[in-house]
Amino acid sequence: MTTEKEKMIAGEYYLAGDATLVKDRRRAKNLLHRLNVTEYRITKKAREIIKELIPNAGANLYIEPPFHCDYGYNISCGENVYFNVNCVVLDCAPVIIGSNVFFAPGVQLYTATHPLEAELRKTLESALPITISDDCWIGGNTVICPGITIGKGCVIGAGSVVTKDVPDNSLAVGNPAKVIRKLNQ
């Protein structure tokens, strides 16, 4: 039988109140409290907390507190990834981040989504993965919606809401974000 955690990661409807998921979120919240309150400065101890929270990260993952996520274990990062202050990653589904990716303050990545039907929404939710490829810069207060892939070498302008995939080497801006030109060509 499929667990609620397996359903969540697979993008199926799941029960967010499942005991295992509640326990996993509580674990993440405890680590985030230590990172965001107790160890607010980036110290050796803060790096250890980040490694425990996000075990699937390459070298040089740097998080400027405060930072928020649901689980941490669904976030995978390449090398040289930087999160500036006040970033949020709702990682109910996998969040795959390439190398040399920079997140400005207030960036929000939402894998979580909910049924449009009110009755289903009372008990179920689902999630879709987000992928951000190598060499991207995500501008301040950008929102990246569930199921989005951002190609290599992209820049997403500050305040954008990304509702559709962005092809490699693109500058996308606005609400909803639209590609306004190609980069590096």
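Analyst: Helices here are DSSP runs of at least four residues, and strands are runs of at least two. The model is a predicted one.

User: How much of residues 5-59 is helix and how much is strand?

Analyst: Over residues 5-59 the chain is 65% helix and 4% strand, with the end C-alpha atoms 28 Å apart. UniProt, in an unreviewed entry, places the feature "domain: Maltose/galactoside acetyltransferase" at residues 5-59.

User: Which residues of helix H3 are buried?

Analyst: In H3, residues 44-53, the buried ones are Ala46, Ile49, Ile50 and Leu53.

User: What puts these buried residues on the same side of H3?

Analyst: They span an arc of only 100 degrees around the axis, so they sit on the same side of H3. Lys44 and Lys51, on the other side of H3, are exposed.

User: What covers the buried residues of H3?

Analyst: The cover includes helix H2 (19-38), strand E2 (61-63) and strand E3 (67-69).

User: Why does serine 160 count as buried?

Analyst: Buried means under 20% relative accessible area. Serine 160 has 0% relative accessibility, so serine 160 counts as buried. Serine 160 lies in the loop between strand E16 (155-156) and strand E17 (161-162).

User: What makes the approach of the serine 160 side chain to glycine 157 a polar contact?

Analyst: The side chain of serine 160 reaches the backbone oxygen of glycine 157 at 2.7 Å. The cut-off for a pair of N or O atoms is within 3.5 Å.

User: Which residues is serine 160 in contact with, leaving aside neighbours within four places in sequence?

Analyst: Serine 160 is in contact with Asn141, Thr142, Val143, Ala172, Val173, Gly174 and Ala177.

Definitions and conventions: Residues numbered from 1 in each chain as written. Predicted model: local features only at pLDDT ≥ 70, side-chain atom pairs only at ≥ 80, totals over all residues. Heavy atoms only, no water. Buried < 20%, exposed > 50% of the residue type's maximum accessible area, 1.4 Å probe, protein only. Arc of directions from axis to C-beta. Contact = heavy atoms within 4.5 Å. Polar contact = N/O pair within 3.5 Å; in protein donor to acceptor, adjacent residues only side chain to side chain. UniProt positions renumbered as here; feature names shortened; annotations may be inferred.
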